[in-house]
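Please open the model in your viewer and keep the sequence panel beside it. The tour below moves from one selection to the next and says what is to be found at each stop.

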Amino acid sequence: MAEIYVHPTAIIDDGAIIGTGSKIWHFAHVRDTAIIGDNVIVGKSSYIDEGVKIGNNVKIQNLVSIYNGVTIGDNVFVGPHVTFTNDLYPRAIADWEISYTHVSDGVSIGANATIICGNNLGENCLIAAGSVVTKEIPPHALVGGNPVRILGWVCKCARKIASKTLEKGEHRIKCQHCGLLNEIFIH
Amino acid sequence: MAEIYVHPTAIIDDGAIIGTGSKIWHFAHVRDTAIIGDNVIVGKSSYIDEGVKIGNNVKIQNLVSIYNGVTIGDNVFVGPHVTFTNDLYPRAIADWEISYTHVSDGVSIGANATIICGNNLGENCLIAAGSVVTKEIPPHALVGGNPVRILGWVCKCARKIASKTLEKGEHRIKCQHCGLLNEIFIH
Amino acid sequence: MAEIYVHPTAIIDDGAIIGTGSKIWHFAHVRDTAIIGDNVIVGKSSYIDEGVKIGNNVKIQNLVSIYNGVTIGDNVFVGPHVTFTNDLYPRAIADWEISYTHVSDGVSIGANATIICGNNLGENCLIAAGSVVTKEIPPHALVGGNPVRILGWVCKCARKIASKTLEKGEHRIKCQHCGLLNEIFIH
């Protein structure tokens, strides 16, 4: 069974659960009630807050902050410098009031994106680098900008498979790059 | 009297002044002439430059950089990954030329916002996550985008109390959420 | 000959090459095949990936990530929290496919900018703080926004020397601030 690797400079608080094959890199900090799956990478200087739940085969790059109230599925890519939030009304003198965010299986979040809490990310969607996510993102959507808007639709392999408009309902779209038939359901 | 807590991995340079009840977390660095008030939290991996002055009851989240030329009032929230700047004409081969920025009492700065120097932030204003601040922000304004524009006006409790237009002069607006009567003066 | 300074908390992997007079600050990490020139500053908590090549007199501020596939010329300023990327189709379960990015001599990249890979930055261009670079940037261009657009043109000293439109071809523009005659060639 694959071991867990924790760099000597990383800090794992007592009570954190980390799956086999996972690697926690330099100066990262994992809080006490975080649950991290198998074969997960937590990059340099990243922060996994208490209560965060992360699936299997997730890659979290450098300098990422994931806060209490966020859950992450399997096979998710979280680019460098990405930050989540967990309170829509932050004030120094007020208590936290957590809004929850779920990141579905297969999602990729580009570098330096900001995910405002309460907005779920649908399966296999692709958040462009530098995006500010202010609303729920449909599965397979490619979104970018501040605030984000839909720029197209992507395959599981991340290549574009459709342009801007995609009606509500079920779609079956074959990827010209990898040949995969994607089944996409838009609410 | 409440003690100061400094995590063993944080670095506080000789000469930095830190008020009672303050906490400096993992891998943070506070430079020698920084002055930090009482009950301030400095989050993981954050950086407080020399010459920075921070008031009381300020919460600075993870991975924040605050540079020389910035002063911060009381009860300010600085979200994760926020960065300030202090030079409008940065070049590797030129000297610094500092432009000053003041963050007034009660301000909240959302996650991953960028504050371009020389732009003061008015009392109780709320900078949305991911914003790029390129101009002075009036008190109680809610701003967002890159560059920022005014999206509304907020109470001391951070809830919206008015929509986009608010004329110059004095306004007294009661918050429907917390009942507070906000007195707002727009220049 | 000037020494190299490495803060005791910084990690330099075996095989990294660092030029004389360079300084590597707190909690930074330089990977094994990185090549860093003379008189370079690598700021707190920054990350220099394997394969990265950096010229002379480069200032890299705090919390910067520079990835394999990026090369940086001389006299470049990289502001705090800047991140590069190196894969246009990131997925947790797929292999990397690197797109290359070159940062030319004299470029300045403002705080918290995101540089999407495959987009070269021309000599002396100035990327405004918070920008998301999605295309190639001409020499001496001042760009800002998400996605970036051209806001003007700047001197080697970073002051504006021309407004929005500048036709293809060669331009010779004298700076009103420092008197330098800039020769700019737009493709």
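Strands here are DSSP runs of E with at least two residues, while helices are runs of H or I with at least four, and both are numbered from the N terminus; two strands pair if DSSP finds at least two bridges between them. This is a predicted model, in which local features need pLDDT of at least 70 and side-chain atom pairs count only at pLDDT 80 or more, whereas totals for chains, interfaces and linings use all residues. Residues are numbered from 1 along each chain as its sequence is written, and chains are lettered from A, with ligands numbered from 1, in the order in which they are written.

Before selecting anything, colour by confidence: pLDDT is the predictor's confidence in each residue, from 0 to 100, and chain A has a mean of 96, with 99% of its residues at 70 or more. For the complex, the predictor gives an ipTM of 0.96 and a pTM of 0.97.

Begin with chain C, where an open sheet of ten strands with mixed pairing follows the order β1-β4-β7-β10-β13-β16-β18-β20-β21-β22. Its edges are β1 (5–6) and β22 (160–162) of chain C, each with a single partner strand, so one side of each is left without a neighbour in the sheet. Within chain C, select residues 59–60 (β10) and 77–78 (β13), which run parallel and are joined by two bridges; the bridge partner of C:K59 in β13(C) is C:F77.

Now select chains B and C together, counting two residues as in contact if their C-beta atoms, placed from the backbone, lie within 7 Å. By that criterion, 26 residues of chain C are in contact with 20 residues of chain B.

Move next to chain A and select residues 169–174 (β23) and 181–186 (β24), which pair in the antiparallel sense over six bridges. A:E170 stands opposite A:F185 in β24(A), and in the hairpin, which has six residues between the strands, A:G179 takes a positive phi near 85°.

Finally, superpose chain A on chain B by least squares on the C-alpha atoms of residues with pLDDT of at least 70 in both: a turn of 120° and a shift of 0.0 Å along the axis give an RMSD of 0.0 Å. The two copies are thus related as by a three-fold rotation axis. To find the axis from chain A, centre on A:N146, whose C-alpha is the nearest to it in that chain, at 3.9 Å.
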